[in-house]
Amino acid sequence: MTTSTPQKCAKEGCSCMAQPGSKYCSTQCEDSKKFMTLKCLCGHPECAG
Ligand SMILES: [Zn+2]
Ligand SMILES: [Zn+2]
């Protein structure tokens, strides 16, 4: 199965593209799911939630 299509970050409120092999664009997003925050902390300029 070839999934080369860029996927959006699985975090709600994040509009970044996820990293290859990950559901999230960054570890910040992956961690933030624990904190139930809607604000994205990935730090990407495109994603200033
Ligand atoms: Zn983001
Ligand atoms: Zn993200």
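Donors are N, O and S atoms within 2.8 Å of the metal. In this predicted model, the donor residues of the zinc ion (ligand 2) follow the sequence spacing C-x4-C-x10-C-x3-C.

## The zinc site

Four sulfur donors hold the zinc ion (ligand 2): Cys 9 (SG), Cys 14 (SG), Cys 25 (SG) and Cys 29 (SG), at 2.3 to 2.4 Å. The angles among these four donor atoms run from 104 to 117 degrees, and the site is tetrahedral. For comparison, the ideal angle for four tetrahedral donors is 109.5 degrees.

Which residue coordinates both the zinc ion (ligand 2) and the zinc ion (ligand 1)? Cys 14 does, and the two ions are 3.5 Å apart.

How many disulfides does a search of the whole structure find? The search finds zero. A disulfide is a covalent bond between the sulfur atoms of two cysteines.

## The nonpolar core

The largest nonpolar core has nine residues: Cys 9, Cys 14, Cys 16, Tyr 24, Cys 25, Cys 29, Cys 40, Cys 42 and Cys 47. The four donor residues of the zinc ion (ligand 2), namely Cys 9, Cys 14, Cys 25 and Cys 29, also belong to this core.

The table gives relative accessible areas for some residues of this part of the model.

| Residue | Relative accessible area | State |
|---|---|---|
| Cys 29 | 0% | buried |
| Cys 40 | 6% | buried |
| Cys 42 | 10% | buried |
| Ser 26 | 11% | buried |

Ser 26 counts as buried because its relative accessibility of 11% is under the cut-off of 20%. Cys 25 is buried as well, as is Cys 29.

## Around helix H1

Ser 26 lies in the segment before helix H1 (27–32), whereas Cys 29 is found in helix H1 itself. Eleven residues separate Cys 29 from Ala 18 along the chain, and their C-alpha atoms are 9.7 Å apart.

The contacts that follow leave aside residues up to four places away in sequence. Cys 29 touches Cys 9, Lys 11, Cys 14, Tyr 24, Cys 40 and Cys 42. Among the residues that Cys 25 touches are Cys 9, Cys 14, Cys 16, Met 17 and Ala 18. Cys 25 also touches Gln 19, Cys 42 and His 44, and these three residues are in contact with Ser 26 too. Cys 42 is thus a contact of Cys 25, of Ser 26 and of Cys 29.

Conventions
Residues are numbered from 1 along each chain as its sequence is written. Chains are lettered from A and ligands numbered from 1 in the order in which they are written. This is a predicted model: local features need pLDDT of at least 70, side-chain atom pairs count only at pLDDT 80 or more; totals for chains, interfaces and linings use all residues. Side-chain values use heavy atoms; hydrogens and water are left out. A nonpolar core is a set of buried Ala, Val, Leu, Ile, Met, Phe, Trp, Tyr and Cys residues joined through side-chain atoms within 4.5 Å. Buried means under 20% relative accessible area, exposed over 50%, partly exposed in between (1.4 Å probe, protein chains only). Contact means heavy atoms within 4.5 Å. Donors are N, O and S atoms within 2.8 Å of the metal (3.2 Å for Na, K and Ca); water is not among the atoms, so sites may look incomplete. Four donors count as tetrahedral if all angles lie between 85 and 135 degrees; four count as square planar and six as octahedral if opposite donors are over 155 degrees apart and all others between 65 and 115; anything else is irregular. A disulfide is a pair of cysteine sulfur atoms within 2.5 Å. Helices (H or I, at least four residues) and strands (E, at least two) are DSSP runs, numbered from the N terminus.
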